[in-house]
Amino acid sequence: MRQLHGYRIWTLNINCLVNPSSKLGLLEFLRRNDPDLLCLQEVNLLQPELSDMIKPLRYNCYCNVTETGRGTAILWKETFIVTNQRTIVPDRLMSIDFGLYTLINVYGPSGRARRQDRADLYSTNLNLYLAGIRNRIKVLGGDFNCIVEKRDAKNNPGQKMSKELKVVLMNNDMIDAYRHVNPATDGFTFIRKNSASRID
C-alpha cells in the first residue's frame with residue numbers, strides 16, 4: 001500500500017480469479033483494506049464480469065484483458081472521478097487519470113524466456129507513453145517481474161535485473177515509494193523455497 005496525498009493506492013497480483021474462493025478473496029481484500037484505487041495483474045475476467053462482482057462494494061473498474069489473456073485492471077471507489085481510461089498494450093499496460101494524477105498499471109512478461117519481451121515493453125511502450133504525459137503526476141504500479149536494484153533479490157539478482165526499467169524510472173524522475181519509506185527493509189513480494197525478490 002502506498003498513501004499519496006491522502007490516496008490509498010494498492011497493487012496486487014491476483015493470479016487469476018478462477019474459482020469462487022479466489023473471487024471472495026478479492027472482495028474480502030477490498031473490504032479489509034478499503035483502497036481508494038487498486039491495480040490488479042493476472043486478471044482473467046473481462047470488464048462486465050469484474051464490474052458486476054465489485055459493484056456491491058461501490059467500486060468501478062477498467063479492464064485491459066483480452067479474451068485469451070491474463071491482463072490488468074484498475075479499480076477505484078465510485079466516488080472518484082476517473083477519466084481517460086487507456087489500454088496501451090493489451091493485457092500488459094494501461095492507465096487512468098484522476099485529479100492531477102495518471103496511474104499506470106504494468107504487468108511485465110515473466111521468466112527468463114520472456115526477458116527480451118519484458119525489455120521491449122519497458123524500453124519502448126512504457127518509456128514512450130510516459131514521455132508523452134505532460135503536466136501530470138505519474139504513478140507507476142504493477143507486477144514488473146524484475147528488479148532495478150540488486151538488494152531486491154536474495155539469489156542471483158543479476159538474472160532479475162532490468163536496466164530498461166531502471167532507465168525509464170530515471171528518465172521520469174520516479175522514486176521507488178517502498179524503498180523511500182522503508183530504506184532498510186527487504187520487503188520481498190515473491191518468495192519461493194530457494195529465492196526471494198521484490199518483483200512487484
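Cys16 is buried, with a relative accessible area of 7%, in what is a predicted model. The sulfur of Cys16 forms no bond to another cysteine because the closest cysteine sulfur, in Cys63, lies 13 Å away, which is too far, given that a disulfide requires a pair of cysteine sulfur atoms within 2.5 Å. Cys39 likewise takes part in no disulfide, the nearest cysteine sulfur being that of Cys63 at 12 Å, and Cys39 counts as buried at 1% relative accessibility. For the structure as a whole, the number of disulfides is zero.

The two cysteines are set out below.

| Cysteine | Relative accessible area | Distance to the sulfur of Cys63 |
|---|---|---|
| Cys16 | 7% | 13 Å |
| Cys39 | 1% | 12 Å |

Turning to the overall fold, the protein chain contains six helices and 11 strands, and its C-alpha atoms fill a box of roughly 45 × 45 × 35 Å when taken along the principal axes. The radius of gyration of the protein chain is 16 Å, which agrees with the value near 16 Å that a compact globule of 200 residues would have. Of these 200 residues, 46% are buried, and among the contacts between residues at least 6 apart in sequence, 57% join residues at least 24 apart.

As for the surface and the charges, the protein chain exposes about 10600 Å², of which carbon and sulfur atoms supply 51%. The protein chain carries 28 positive and 20 negative side chains, and the centres of these two sets lie 5 Å apart.

Terms used:
Residues numbered from 1 in each chain as written. Predicted model: local features only at pLDDT ≥ 70, side-chain atom pairs only at ≥ 80, totals over all residues. Heavy atoms only, no water. Buried < 20%, exposed > 50% of the residue type's maximum accessible area, 1.4 Å probe, protein only. Helix = DSSP H or I, 4+ residues; strand = E, 2+ residues; numbered from the N terminus. Rg over C-alpha atoms; globule rule 2.2 N^0.38 Å. Contact = heavy atoms within 4.5 Å. Areas by Shrake-Rupley, 256 points an atom, 1.4 Å probe, with all protein chains shown as cover. Lys, Arg positive; Asp, Glu negative; His and termini not counted. Charge placed at Lys NZ, Arg CZ, Asp CG, Glu CD.
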